[in-house]
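Reader: I would like to go through the charged side chains of this model with you, and to hear for each term how it was decided.

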Amino acid sequence: MKTNKVIVALDSNNIRKTISLVSILKNEVFAFKIGYEFFYNYGVEGYKEIYKISPKIFLDLKLHDIPNTVQNGMIAINKMKPLLTTIHISGGEYMMSASFIKRKFTKILGVTVLTSIDNNQIRKLYNEKNVENVVKKFAKLAKKNKLDGIVCSPKEIKIVRKIVGKNFLIVTPGIRLNNFEIKGDDQKRVTSPKEALELGADLIVIGRPITEAKKPLDEIRKINILLG
């Protein structure tokens, strides 16, 4: 049986529209990503509304705080039973260790460098020559500290895969479609769905090219056919 590889990002402050989208797309996705915009507008109750329609959820809250706070946050997240959730690798090894609570369902992904950051910003923030250098360090830390997977842009998939091996999830945002233009696009390191999988990603995250399409169901079906 074919496994869908697309996670659809529900970046919306319109709960009715979001519920409608989930109902339409639920059989065509690996999961739905709930991030800041939806969660901060609708909270746990909004999350439950989506969960009732589809329990396949990637709760992307990117925890980044002192270890005790992250541990307590992870305990709360675990009760909601998402498939995936995220912490920032830059929070350090103690923070990563604190995230390892007893959990049956949820896999923890480490966020490397946001897709909106380019080499110019990397030099200012990390005093490193390029994004790849920082992502390499973070990938090694994620593997060493036994996270379940990693989030990185398409441009770093190859180098990350070499570091983490086969049995480590790579989830990739920054996916763009040729037939969809995003005004004021803030993502810098991007590629196509097919190329991302060919480079070694396990799952890809797509938001606006699907959610803002005239016919979202047709759009994701086209992508799924393209991905085989």
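**Charges and salt bridges**

Author: The structure holds ten salt bridges. This is a predicted model, in which local features need pLDDT of at least 70 and side-chain atom pairs count only at pLDDT 80 or more, while totals for chains, interfaces and linings use all residues. Residues are numbered from 1 along each chain as its sequence is written, and side-chain values use heavy atoms, with hydrogens and water left out.

Reader: Why is the contact of Glu-28 and Arg-221 called a salt bridge?

Author: The term asks for a side-chain nitrogen of Lys or Arg within 4 Å of a carboxyl oxygen of Asp or Glu. For Glu-28 and Arg-221 the N to O distance is 3.4 Å, so the pair qualifies. Glu-28 lies in the loop between α1 (15-25) and β2 (31-34), and Arg-221 in helix α10 (residues 216-227), so the salt bridge ties together parts that are 193 residues apart in sequence. Helices (H or I, at least four residues) and strands (E, at least two) are DSSP runs, numbered from the N terminus.

Reader: What makes Glu-28 buried?

Author: Buried means under 20% relative accessible area, exposed means over 50%, and partly exposed is in between (1.4 Å probe, protein chains only). Glu-28 has a relative accessible area of 17% and is therefore buried, whereas Arg-221, at 40%, counts as partly exposed.

Reader: How do you know that Lys-48 and Glu-45 form a salt bridge, and how far apart are they in helix α2?

Author: Their closest N and O atoms are 3.8 Å apart, which satisfies the distance limit. Being three residues apart in helix α2 (residues 36-53), Lys-48 and Glu-45 are separated by about one helical turn. Lys-48 is partly exposed at 44% relative accessibility, and Glu-45 is exposed at 52%.

Reader: What makes Lys-52 exposed, and with which residue does its side chain form a salt bridge?

Author: The relative accessible area of Lys-52 is 65%, so the residue counts as exposed. Its side chain meets that of Glu-49 in a salt bridge (3.2 Å, N to O), and Glu-49 is partly exposed at 29%.

Reader: Which residues are linked in a network of salt bridges?

Author: Such a network links Asp-11, Lys-33, Asp-60 and Lys-62.
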